[in-house]
Amino acid sequence: MQPNLYARMGTLVKIGIAIGLVAGAMLALCVGVIFRKDHTFRSQHIGENERMKQDGIHCATSQDREARRDRKVKIED
C-alpha cells in the first residue's frame with residue numbers, strides 16, 4: 001500500500017511544480033503590462049508601421065481596394 005501512495009505523491013508534486021512554473025511564466029509575461037506607465041501598446045496593424053510605410057506595404061484589404069480601384073474592368077464579388 002505504501003509504494004502506491006508514494007507514487008501518487010510524486011505525481012502530485014510534479015503537477016504542482018508544473019502549475020507553479022506556468023503561473024510564474026504568466027506572471028513574468030504580465031509584468032510589462034501591469035507596470036507600463038502609459039498603459040498603451042504600439043499598433044499591431046501593418047498599415048501603421050513606419051518601416052512598412054517606407055517600403056510601400058499596406059494591409060491586404062487596402063492593397064486589394066487599390067488594385068480594384070485602378071482596374072478598368074470591374075470585378076463582381
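Student: Before we look at this predicted model, what does "partly exposed" mean?

Tutor: Buried means under 20% relative accessible area and exposed means over 50%. Asp-64, in this predicted model, has a relative accessible area of 38%, so Asp-64 falls in between. The class that applies to Asp-64 is partly exposed.

Student: Which residue forms a salt bridge with Asp-64?

Tutor: Asp-64 lies in helix α3, which covers residues 60-70. Its partner lies in that helix too, 4 residues apart from Asp-64, or about one turn of the helix. The closest N and O atoms of the pair are 3.0 Å apart, and the partner is Arg-68.

Student: Is Arg-68 buried, partly exposed or exposed?

Tutor: The limits are under 20% for buried and over 50% for exposed. Arg-68 has a relative accessible area of 34%, so Arg-68 lies between those limits and is partly exposed.

Student: How many helices and strands are there in the protein?

Tutor: Read along the sequence, the protein follows the pattern α-α-α. Helix α1 takes up residues 2-34, helix α2 residues 50-55, and helix α3 residues 60-70. The count is 3 helices and 0 strands.

Student: How many salt bridges does a search of the whole structure find?

Tutor: Side chains of opposite charge can pair when their charged atoms come close. One pair is Asp-64 with Arg-68. Another is Glu-50 with Lys-53, where the closest N and O atoms are 3.9 Å apart, and Asp-55 meets Arg-51 at 3.8 Å, N to O. The search of the whole structure gives 3.

Student: Why are Glu-50 and Lys-53 separated by about one helical turn?

Tutor: Glu-50 and Lys-53 both belong to helix α2, residues 50-55. They are separated by about one helical turn because their spacing in that helix is 3 residues.

Student: How far apart in helix α2 are Asp-55 and Arg-51?

Tutor: The side chains of Asp-55 and Arg-51 meet in a salt bridge. Within helix α2 they are separated by about one helical turn, because their spacing is 4 residues.

Student: Glu-50 and Arg-51 count as what: buried or exposed?

Tutor: The cut-off for exposed is over 50% relative accessible area. Glu-50 stands at 52% and Arg-51 at 53%. Their salt-bridge partners are partly exposed, with Lys-53 at 46% and Asp-55 at 45%. Glu-50 and Arg-51 therefore count as exposed.

Student: What share of the residues in the protein is buried?

Tutor: A buried residue would have under 20% relative accessible area. Cys-59, for example, has 29%, so Cys-59 is partly exposed. Out of the 77 residues in the protein, the buried share is 0%.

Student: How many disulfides does a search of the whole structure find?

Tutor: A disulfide is a covalent bond between the sulfur atoms of two cysteines. The cysteines here include Cys-30, partly exposed at 33% relative accessibility, and Cys-59, partly exposed at 29%. The number of disulfides found is 0.

Student: What is the area of the nonpolar surface patch that includes Val-31?

Tutor: Val-31 lies in helix α1 and is partly exposed at 37% relative accessibility. The patch is made by Val-31 together with Leu-27, Val-33, Ile-34, Phe-35 and Phe-41. Its area is about 630 Å².

Student: In which helix is confidence lowest?

Tutor: The mean pLDDT of the protein is 79, and 81% of its residues reach 70 or more. Where pLDDT is low, the predicted coordinates should not be read in detail. Confidence is highest in α1, at 84, and lowest, at a mean of 78, in α3.

Terms used: Residues numbered from 1 in each chain as written. Predicted model: local features only at pLDDT ≥ 70, side-chain atom pairs only at ≥ 80, totals over all residues. Heavy atoms only, no water. Patch = residues over 30% accessible without salt bridge, like charges linked within 9 Å, V, L, I, M, F, W, Y side chains within 5 Å. Areas by Shrake-Rupley, 256 points an atom, 1.4 Å probe, with all protein chains shown as cover. Salt bridge = Lys/Arg side-chain N within 4 Å of Asp/Glu carboxyl O. Helix = DSSP H or I, 4+ residues; strand = E, 2+ residues; numbered from the N terminus. Buried < 20%, exposed > 50% of the residue type's maximum accessible area, 1.4 Å probe, protein only. Disulfide = S-S within 2.5 Å. pLDDT = per-residue confidence, 0-100.
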